[in-house]
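Let's take a walk through this model together, one region at a time. Please have the sequence and the 3D view open as you read.

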Amino acid sequence: MAIERIWADNPARNFHYLVACEATGEALAIDPLNWQAVLERAQTRGWRITQILNTHEHWDHIGGNEALRAATGATLLAHAGALGSIAGVDRGLTEGDVITVGSSVRLRCLDTPGHTYTHICAFDEAQPALFSGDTLFNAGVGNCHNGGDPEVLYETFRKRLSSLPPDTQVFPGHEYFARNLGFTLALEPSNAKAAALLERCAQLEPADMPVTTLAQESEVNAFFRLQQPEIVDSVSRSHQPLPERPAARDIFLALRALRNRW
Ligand SMILES: [Zn+2]
């Protein structure tokens, strides 16, 4: 499997992806809003885009579908529940479905509601990689403002994402490193790994940002650090209502609410 991450260079700071089978040159485009940039990258690599995957129905993930399909004839894949909100879907996906690219790539679909109710993440087991859309970002998680639910998002993290291998690389739908690391550090000022990563990211252009793993996320992403005393303490001192003995779920929900205003 070969992966290209493409910086959309837009205000929403989208990342797009090409996932290709090197044996056949066939490629899957993920959330290709800036479809020209995606097509150009495929041409540079000598790949043929045969499929498009939308992780979810938001405009900044589906807006390039039509033009890229016209240019390539690719088929369109999206959550089976999103057929009413995404035009022209050829294949509806559910939990456990497999997306095959060429002869060597097999991505397993994870049903990951929370950011929206019809959100799909794609996971490659052979070379652990998670195309996480707006569910999981580098150092943060998606918001639930536009058709989502934080309690559902927490369950997605607990049930679907927590069991993936620690060496899984994370390929999200947006570049939000600095904001997310800043949030972690606001709650956990002693987090030296988050501080070091933030310093490194400050030197880089968005297109050159690092790729994190889930192991790294557990070190720098506040939403993976729900039991850390410093984070629990910071949340308790915020004005976010909490039960007397907060469980991981309570901290996650409080963090999501705090991040909304941060
Ligand atoms: Zn979204």
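**From a buried ring to the metal site**

At 3% relative accessibility, Phe183 counts as buried, since the cut-off for that label is under 20%. Keep in mind as you look around that this is a predicted model.

Phe183 makes a good starting point, so to speak, for the helix around it. Helix α5 spans residues 177-187, and eight of its eleven residues are buried, so the helix is largely enclosed by the rest of the structure. Besides Phe183, the buried residues of α5 are Phe177, Asn180, Leu181, Gly182, Thr184, Leu185 and Leu187. What lies over them? The cover includes two strands, β11 (136-137) and β12 (140-141), together with the helices α6 (192-202), α7 (214-220), α8 and α9.

Now turn to the aromatic rings. The structure holds twelve aromatic pairs. One of them joins Phe183 to Trp262 in an edge-to-face arrangement, with 5.7 Å between the ring centres and 65 degrees between the planes. Because Phe183 belongs to α5 while Trp262 lies in the segment after α9 (248-261), this pair ties together parts that are 79 residues apart in sequence. The two partners can be set side by side: Phe183 is buried at 3%, whereas Trp262 is partly exposed, with a relative accessible area of 38%. Both rings also belong to a cluster linked by ring pairs, which takes in Tyr154, Phe157, Phe223, Phe224 and Phe252 as well. Phe183 has a charged companion too: the charged end of Arg259 sits over its ring, 5.9 Å from the centre. Elsewhere, the charged end of Arg5 is placed over the ring of Phe15, at 4.4 Å from the ring centre.

Next comes the nonpolar interior. In soluble globular proteins, nonpolar side chains tend to be buried together. Here the largest nonpolar core has 28 residues, and Leu130, Leu187, Val235, Phe252 and Leu255 have the most contacts inside it. At least two residues of this core come from each of β9 (120-124), α4 (150-161), α5, α8 (229-237) and α9. Which element gives the largest share? That is α9, with seven residues. There is also a second, separate core of 21 residues, with Met1, Val101, Cys109 and Ala129 among them.

Val235 shows how the packing looks from one side chain's position. Setting aside residues up to four places away in sequence, Val235 touches Leu187, Gln240, Leu242, Ile251, Ala254, Leu255 and Leu258. Follow the last of these contacts to Leu258, which is in helix α9 and counts as buried at 14% relative accessibility. Beyond its neighbours within four places in sequence, Leu258 is in contact with Phe183, Leu187, Val235, Ser238 and Gln240. That list brings us back to Phe183, the residue where we began.

Finally, visit the metal. Which residues coordinate the zinc ion? They are His56 through NE2, His58 through ND1, His115 through NE2 and Asp134 through OD, at 2.1 to 2.3 Å. Along the chain, these donors follow the spacing H-x1-H-x56-H-x18-D. The angles among the four donor atoms run from 88 to 173 degrees, and the site is irregular. Two of the histidines are worth a look for their surroundings: His56 is buried at 0% relative accessibility, and His58 is buried as well, with a relative accessible area of 14%.

Technical notes. Residues are numbered from 1 along each chain as its sequence is written. This is a predicted model: local features need pLDDT of at least 70, side-chain atom pairs count only at pLDDT 80 or more; totals for chains, interfaces and linings use all residues. Side-chain values use heavy atoms; hydrogens and water are left out. Donors are N, O and S atoms within 2.8 Å of the metal (3.2 Å for Na, K and Ca); water is not among the atoms, so sites may look incomplete. Four donors count as tetrahedral if all angles lie between 85 and 135 degrees; four count as square planar and six as octahedral if opposite donors are over 155 degrees apart and all others between 65 and 115; anything else is irregular. Buried means under 20% relative accessible area, exposed over 50%, partly exposed in between (1.4 Å probe, protein chains only). Rings of Phe, Tyr and Trp (its six-membered ring) pair if their centres lie within 6.5 Å; planes under 30 degrees apart count as stacked, over 60 as edge-to-face and the rest as tilted. Helices (H or I, at least four residues) and strands (E, at least two) are DSSP runs, numbered from the N terminus. A charge sits over a ring if NZ of Lys or CZ of Arg is within 6 Å of the ring centre and within 35 degrees of the ring normal. A nonpolar core is a set of buried Ala, Val, Leu, Ile, Met, Phe, Trp, Tyr and Cys residues joined through side-chain atoms within 4.5 Å. Contact means heavy atoms within 4.5 Å.
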